[in-house]
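Hi there,

Here is the structure I promised to pass on. Please have a look, and then read on for what turned up in it.

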Amino acid sequence: MREYQIAVLKGDGIGPEIVDEAIRVLGKAGEKFGFAMHCHYALLGGCAIDETGMPLPQETIDTCKAADSTLLGAVGGPKWDSVPGDRRPEKGLLGIRGALGLFANLRPAVIFPELRGASPLRPEIIGDGLDVLVVRELTGGIYFGERGRRTVNGAEAAYDTEQYSVPEIERIARVAFQMAQKRRGRVCSVDKANVLESSRLWRATVTRIHDEEFPQVELSHMYVDNCAMQLVRNPGQFDVIVTSNIFGDILSDEASMISGSIGMLASASLSGGKAGLYEPIHGSAPDIAGTGKANPLATILSAAMMLRYSLGEAEAADAIEAAVSRALARGRTADIASKELPVLSCTEMGALVCECL
Ligand code: IPM
Ligand code: MG
């Protein structure tokens, strides 16, 4: 029997509920496809602050480094809003991404055929569907650049810095081109090169990597404001979008909503090695935590991505995705409810996916 060691960071808010369902589905997939998962739980975010005073204890980094892969729920909540910036729950999330060197964040936005009606876009705009992969740079840019406070003309001021080095751009560009080769062969690099110097270096570097290493992939460039508009005007034009940390943060939320609900979108964060960190792109939704209303599907689909990208269990990953598709035809959580189908709780949705597996 194949055995995998998984670090599990449930986090805050709805994190524990959605992760429990994903683990249940992983267990079921293991029974079916002949592997076993061993979970090693560790603290991240607000729950870690409560227990240890820090959002990212060293023990958590060690647990993740020792594991084959990491599954994460979500972090943050109003309880920790008054905590100073460098100790906020979100700092724990950025910290674990940095500590594990997870520079490539893959955020696929797809519309399950069953959910077409849930998309806020008109059917004629969605056309044949939506299948965009946002490749977001995750350990650089303004999230990790120099920041601080200073006095400017006698007034208090604050600054954050967007900086990208050539190697940082090269490696994320390569991931995007490699992904495109396995898909429809098109990359759109998104920047703000009409204004930002970092974007001009980004564009030149992506173009060079394309010309030297991936000439067979079709490369285009787009300004981020135009991209935000094109995503709702004609989302079908995109295959792979590659972009910086902050632009990818924003565009992936937009792309997710097109797919019906932010509660549907999974993500993989990779370092170039086998291990990765897998998490839904949505947050900890403290307002519905504990009510049973959370949609566990993004986390279940993240677990499927983990099987595919980190554990070499592609068949099980396909099966989970197919099971999610079938489950959507039988019942839904409140965020994607349809008049004809029963409204399910988080646990009921997880159970239904297991049944469909
Ligand atoms: C995301 C989230 C995080 C980010 C926050 C919680 C720090 O929005 O994963 O998209 O900005 O990266
Ligand atoms: Mg975000």
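Let me start at the ligand: an oxygen atom of ligand 1 sits 2.6 Å from a polar side-chain atom of Tyr-143. Before going further, please note that this is a predicted model, in which local features need pLDDT of at least 70 and side-chain atom pairs count only at pLDDT 80 or more, while totals for chains, interfaces and linings use all residues. Residues are numbered from 1 along each chain as its sequence is written, chains are lettered from A and ligands numbered from 1 in the order in which they are written, and side-chain values use heavy atoms, with hydrogens and water left out.

Two arginines also reach ligand 1. For Arg-107, a polar side-chain atom is 2.8 Å from a ligand oxygen; for Arg-136, an N or O atom of the side chain is 2.9 Å from one. The full set of residues around ligand 1 (a heavy atom within 4 Å of it) is Glu-90, Leu-93, Arg-97, Arg-107, Arg-136, Tyr-143 and Asp-249.

Next, the domains. The chain is divided into domain 1 (1–109 + 264–357) and domain 2 (120–258), with bounds that come from an automatic or database domain assignment. Their contact (heavy atoms within 4.5 Å) takes 16 residues from domain 1 and 21 residues from domain 2. Measuring over C-alpha atoms, their centres are 24 Å apart.

Between them the domains bury about 1600 Å², 66% of it on carbon and sulfur atoms; this is the accessible area (1.4 Å probe) lost on putting the two parts together, summed over both. On the domain 1 side, Phe-103, Arg-107 and Ala-109 lose the most area, together 43% of what that side buries.

What kinds of polar pairing cross this interface? There are five residue pairs in polar contact, both residues at pLDDT 80 or more. A polar contact here is a pair of N or O atoms within 3.5 Å; within protein, one must be able to donate a hydrogen and the other to accept it, and residues adjacent in sequence count only if both atoms are side-chain atoms. Salt bridges between the domains number zero, a salt bridge being a side-chain nitrogen of Lys or Arg within 4 Å of a carboxyl oxygen of Asp or Glu.

The whole structure has 24 salt bridges. In one of them, Arg-184 pairs with Asp-131, their closest N and O atoms being 3.5 Å apart.

Best wishes
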